[in-house]
Amino acid sequence: MITQESIINQLRDNGLKVTSQRLAIVEVLLEKRDLHPGARLVYREAKKKKKSLSLSTTYATLNEFSRHGIIKKLQFDTMEDRYDGNLEEHINLICERCKKILDYNVPTAVDPRG
Ligand SMILES: [Zn+2]
């Protein structure tokens, strides 16, 4: 289970400063995890929590988080990069029409011999 606390610990482990702007972004990533938000959506939501946040800081922060493996960057040919705060093993199912991304949790293998 990924919580705000576990992300803060990861920031510290990676030597990243825990700033209020980064915390606002972390909160949005967790709240909107199901949406796999793009940078602009993260920015819009995080700015409500932290007025001084800029779009370029949002981009830089998301890149830094994904570089450190704190979140996962999903890249596509036909749409903007999206960010996944769910680092547990799962498959992202993408609707070609609405571009919605859904998490599909891989069921743990069941021993057929039961
Ligand atoms: Zn996902």
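**Close-ups of a predicted model**

The donors around the zinc ion are spaced along the chain as H-x47-D-x5-H-x1-N-x10-D. The model shown in these views is a predicted one.

**View 1. Five side chains hold the zinc ion.** Let's start with the metal. The zinc ion gets its coordination from two histidines, His36 and His90, each through NE2. Asn92 joins in with OD1, while Asp84 and Asp103 each bring an OD oxygen. The distances run from 2.0 to 2.2 Å. Is Asp84 buried or exposed? Asp84 is buried, because its relative accessible area is 0%, and the cut-off for buried is under 20%.

**View 2. A nonpolar patch sits on the surface.** Here you're looking at about 440 Å² of nonpolar surface, made by Ile91, Leu93, Leu102, Tyr104 and Val106. Strand 3 (90-94) and strand 4 (101-105) each chip in at least two of the patch residues. Zoom in on Leu93, which belongs to strand 3. With a relative accessible area of 43%, Leu93 counts as partly exposed.

**View 3. Ile2 is tucked in as a buried residue.** You'll find Ile2 in the segment that comes before helix 1 (4-13). Its relative accessibility is 12%, so Ile2 is classed as buried. Which residues does Ile2 touch, leaving aside those up to four places away in sequence? Its contacts are Ile7, Leu30, Arg33 and the run of Gly85, Asn86, Leu87 and Glu88. Take Leu87: it is 85 residues from Ile2 in sequence, yet the two C-alpha atoms are 7.9 Å apart in space.

Key. Residues numbered from 1 in each chain as written. Predicted model: local features only at pLDDT ≥ 70, side-chain atom pairs only at ≥ 80, totals over all residues. Heavy atoms only, no water. Patch = residues over 30% accessible without salt bridge, like charges linked within 9 Å, V, L, I, M, F, W, Y side chains within 5 Å. Areas by Shrake-Rupley, 256 points an atom, 1.4 Å probe, with all protein chains shown as cover. Salt bridge = Lys/Arg side-chain N within 4 Å of Asp/Glu carboxyl O. Helix = DSSP H or I, 4+ residues; strand = E, 2+ residues; numbered from the N terminus. Buried < 20%, exposed > 50% of the residue type's maximum accessible area, 1.4 Å probe, protein only. Contact = heavy atoms within 4.5 Å. Donors = N, O, S within 2.8 Å, 3.2 Å for Na, K, Ca; no water.
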